[in-house]
Amino acid sequence: MALKLLFPFPPSKPLRHKGFSFSTVASTLTLNSDFSYGPSLSKGHKTPFQAQLSLTEETLTLGKIDERMFTRVFDVAALRVPAEDCFPLENRLRGHLLNWPRVKNIARVSGDEMDDSIRRIMRENIKDADGLDIINRRIDGKAEGGGFDPVLYRDKLAKSFNCRGFVQFRNLAKMSRPKKSKKRENGLHSQSFRERKARNSYDIMEVSGCVGVDDEDMSGLLGEEFKGRRWRGSSRLLLLDERYAYKVVDELPPAIQAVLREYNEQSKRSIFDLVQCKLTLHYDYWQMNEILEALLPKGIIVPAAFEMVGHIAHLNLRDEHLPFRKLIAKVVLDKNQPKIQTVVNKIDSIQNDYRTMQLEVLAGNHSLVTTVIENGLRFQVDLATVYWNSRLSTERQRLVSSFASDDIVCDVFSGVGPIAIAAARVVKRVYANDLNPSAVDYLKGNTILNKLERKVEVCNMDGRRFINAMLSSRRLEPITQVVMNLPKDAVEYLDAFRGLFRNKPNSKDYPLPRIHVYGFSKAQDPEFDFHQKIRIALSEVGVEVEMHRVRLVAPGKWMLCGSFVLPKSVAFSESSVGLY
Ligand SMILES: C[S@@+](CC[C@H](N)C(=O)[O-])C[C@H]1O[C@@H](n2cnc3c(N)ncnc32)[C@H](O)[C@@H]1O
């Protein structure tokens, strides 16, 4: 956070208190009736320019936000203290300092810094009222005998050059001028978020006036003889709690009064002032919900959450939000960059075979290809063509943690491979399949991305055919785990296991796989309901199923995982279901 402090404005109307003199600050302040702690858009005051700004149709429907509308100015009191006393005092005054989120309570004062070597020279040379003139002459290289001090020389050079070259010799300056960059438009709203973030300037503060000590007075630092001179030495502002914004010293808590008294009386170098500042908070300061609350029409619930898939924010907006979807997306993007680069909204519920979503890109770049990191693995996905759901990450972890190193896993509906590839880290071998050719392409890519391609064999066929091929094959090692993660339909595929083992050699001793099948249930007793569905699909009553509730996908609708060992009666059944 950088605080830009402009001061001092000439104080008006002096007050007096026990040896200190104070000034009130001329202000156009309108006190607000919002007494909650901390800054808010409804507190503070707007600049006269802002008063002319209003919400436009463009803002609401196209999401073109004039960020200047969100600038708010707050009056804050501060102690202006010598820089070196700042940290001890911060500790001592804890509880009395400003405690606003993301606002530091120590503020830098522009031009407050004095180089140590200058300080030393000041001490050594300034013995009388002409001392400053001597210093000035030394800076300008006109000092008698002394020559340049390296620090002062550097200072002088800094005045002759700037980043574009020589300040005074324009032709020479051209030679050292950096390449032209695009001229920035005027106004904060035109700067990109990154630029401002880089400069850490989401809150900018100005000192509106200085109460107590004449700013031209240097006597505190250099002794009485320098009263009335310009320089004051390094200082910082300790921002006081918002309760003290309009207080004079008499009204401050004893702890602060004691500090002021102590330092002003004891220290000859004291520059302790009570000053009144204007703390200006900009668009970047405010949180997503605060901005949306201010922008959306009253009565509309502010969307509070979104799902993140790599760099993509995935909104699930209600109908009432749809007219403002671009505005909402713009705020989501602004407030979550650079993590979020694209904001999309789901247009329709998932209905197609490949379980892909219909998405509308609302803000940011239009690429729906992203990389997701899940449990230390990297997955490339294209949300336009494949299925992905980050909310299932815990479930995938739970499932894979039940696998052993000698397992051979079949993932029937593997998508881009979050289960198959995670399993490949643990087990001996994985066979992964998906009907969607695009998912299979990404699956192959992801096995390589995670350096597990040698452990994963990828297939692109219908699930039923895959089950048949894998489990009835005589060439393959026995499959020990089968994952069927297609909650809408997977249970319907269980009949594919009927009779698959009847032709195996030594069939009666053949190890039977453990099947993990996913499904939904809206029933009162979801476990019972899903168990019934499994029994019916297997045409077998005596099957013991271990049930796990994965998550509530909609009010009253559970996603479940049923795990069971394929019953012998099903595996060796004489009747089998054909491939249709
Ligand atoms: C719910 S997704 C699960 C993907 C993956 N297991 C995951 O956790 O991300 C279901 C997947 O099954 C695939 N699918 C749908 N019908 C299929 C079928 N008949 N045979 C094989 N795969 C199918 C879809 O393309 C989709 O990738």
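Two residues count as in contact if their C-beta atoms, placed from the backbone, lie within 7 Å. With that in hand, here are some exercises on this predicted model.

**Exercise 1. Get an overview of the chain.**

Task: Find what share of the contacts with a separation of 6 or more comes from residues 24 or more positions apart, and list the basic counts for the chain.

Solution.
- Step 1. Residues 24 or more positions apart account for 68% of the contacts in the chain with a separation of 6 or more.
- Step 2. Next come the elements: the chain has 18 helices and 22 strands.
- Step 3. Of the 580 residues in the chain, 35% are buried.

**Exercise 2. Decide where to read with care.**

Task: Look up the average pLDDT of the chain, then locate stretches where pLDDT is below 50.

Solution.
- Step 1. The average pLDDT is 78, and 68% of the residues score at least 70.
- Step 2. Residues 1-33 have a pLDDT below 50, though the model gives this stretch 82 contacts beyond near neighbours in sequence.
- Step 3. Residues 210-231 also stay under 50; here the model has 46 contacts beyond four places in sequence.
- Step 4. Where pLDDT is low, predicted coordinates should not be read in detail.
- Step 5. For the model as a whole, the scores are ipTM 0.99 and pTM 0.71.

**Exercise 3. Trace an open sheet.**

Task: Write down the strand order of the open sheet with 7 strands, and name its edge strands.

Solution.
- Step 1. Reading across, the order is β18-β17-β16-β19-β20-β22-β21, with mixed pairing.
- Step 2. β18 (456-459) and β21 (546-554) are the edge strands, as each pairs on one side only.
- Step 3. On average, neighbouring strands of this sheet are turned by 15° against each other, direction ignored.
- Step 4. Helix α17 (residues 526-538) packs on the sheet, where it touches β20 (514-521), β21 and β22 (557-565). The direction of α17 makes about 50° with that of β22.
- Step 5. For one pairing in detail, take β16 (residues 408-411) and β17 (residues 429-433): they pair in the parallel sense over 4 bridges. I408 has R429 as its bridge partner in β17.

**Exercise 4. Find the two sides of a helix.**

Task: For helix α15 (residues 437-449), work out which residues are buried and which exposed residues lie on the face turned away from them.

Solution.
- Step 1. Check the length: α15 has 13 residues and reaches 18 Å from its first C-alpha to its last, close to the 18 Å expected at 1.5 Å a residue.
- Step 2. A439, V440, Y442, L443, N446 and T447 are the buried residues of α15. These cover an arc of only 165° around the axis, so they sit on the same side of α15.
- Step 3. The face turned away from the buried side carries the exposed residues P437 and I448.
- Step 4. Now look for the packing partners: the buried residues of α15 pack against β15 (377-382), α14 (418-424), β17 and β18.
- Step 5. After the helix comes K451, with a positive phi near 55°.

**Exercise 5. Compare with enclosed elements.**

Task: Count how many residues of helix α12 (residues 325-336) and of strand β3 (residues 72-82) are buried.

Solution.
- Step 1. In α12, 9 of the 12 residues are buried, so this helix is largely enclosed by the rest of the structure. Among them are L327, I328, V331 and L333, along with K326, K330 and D334.
- Step 2. In β3, 10 of the 11 residues are buried, so the strand is largely enclosed by the rest of the structure.
- Step 3. β3 runs antiparallel to β9 (residues 273-281), joined by 9 bridges, and R72 stands opposite L281 in β9.
- Step 4. β3 also pairs with β8 (residues 235-239) in the antiparallel sense, over 5 bridges. There, A78 stands opposite L239.

**Exercise 6. Place one loop residue.**

Task: Decide whether L383 is buried or exposed, and list what L383 touches.

Solution.
- Step 1. L383 lies in the loop between β15 and α13 (393-401).
- Step 2. The cut-off for buried is 20 or more other C-beta atoms within 10 Å. L383 has 21, so L383 is buried.
- Step 3. Leaving out residues up to four places away in sequence, L383 touches V309, I312, M357, L359, L368 and W388.
- Step 4. Just before this loop, β15 pairs antiparallel with β14 (residues 369-374) through 6 bridges, and T370 stands opposite V381.
- Step 5. The hairpin of β14 and β15 has 2 residues between the strands, and N375 takes a positive phi near 45° there.

How values were computed
Residues numbered from 1 in each chain as written. Predicted model: local features only at pLDDT ≥ 70, side-chain atom pairs only at ≥ 80, totals over all residues. Pairing = 2+ DSSP bridges. Axes fitted to C-alpha atoms, helices over the stretch in contact; angles between N-to-C directions. Expected span 1.5 Å × (residues − 1). Arc of directions from axis to C-beta. pLDDT = per-residue confidence, 0-100.
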